[in-house]
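Q: Please take a close look at a single part of this structure, and explain how that part fits into the rest of the chain.

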Amino acid sequence: MKINYVLKIFCTLIIGFFASSCTPYQTTGFMGGYEDVEIGDGRHKITFIGNGYTTTSRVIQLTERRATEVCNGAFDVLERDVKAGGLIAKPSATFIIQCK
């Protein structure tokens, strides 16, 4: 009986840890996030920075999500700079986009 109780607490802590380690979809903060700047003529610079638990592919997905929101749908990627994370570096993606 005591083992079941300890196992439940352990599982709850593990789930809480992984849920809190995801990069939130929000403006840039301590855990990562996005930043966008209008650079004129329907062009925007969108940057998304992940954290140590975010994959590069997830960072790209979230950058594309923000670009879709900024352009209300369709856009073209004019420039793309993607950096993989490492022991110290956080994964990031910066897109220069043109809204259609």
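A: In this predicted model, threonine 54 lies in the loop between β2 (43-49) and α2 (56-70). With a relative accessibility of 11%, threonine 54 counts as buried, because buried means under 20%. Leaving aside residues up to four places away in sequence, threonine 54 touches Thr23, Val59 and Pro91, and one of these, Val59, is also among the buried residues of α2.

The helix that follows the loop, α2, has 15 residues and runs 21 Å from its first C-alpha to its last, close to the 21 Å expected at 1.5 Å a residue. Its buried residues are Val59, Leu62, Thr63, Arg66 and Ala67; seen down the axis of α2, they fall within an arc of 145°, so they line one face of the helix. An α-helix has 3.6 residues a turn, so residues three or four places apart point the same way. The cover over the buried residues of α2 includes β1 (33-40), β2, β3 (75-83) and β4 (92-99). Just after α2, asparagine 72 adopts a positive phi of about 55°.

As for the wider setting, the chain has two helices and four strands, which follow one another along the sequence in the pattern α-β-β-α-β-β. Of its 100 residues, 27% count as buried, while among contacts with a separation of 6 or more, 49% join residues 24 or more positions apart. The chain exposes about 6900 Å², of which carbon and sulfur atoms supply 60%.

Conventions:
Residues are numbered from 1 along each chain as its sequence is written. This is a predicted model: local features need pLDDT of at least 70, side-chain atom pairs count only at pLDDT 80 or more; totals for chains, interfaces and linings use all residues. Side-chain values use heavy atoms; hydrogens and water are left out. Buried means under 20% relative accessible area, exposed over 50%, partly exposed in between (1.4 Å probe, protein chains only). Contact means heavy atoms within 4.5 Å. Accessible areas come from the Shrake-Rupley method with a 1.4 Å probe; for residues, only the protein chains shown count as cover. The expected span of a helix is 1.5 Å times one less than its number of residues. The arc is that of the directions from the helix axis to the C-beta atoms.
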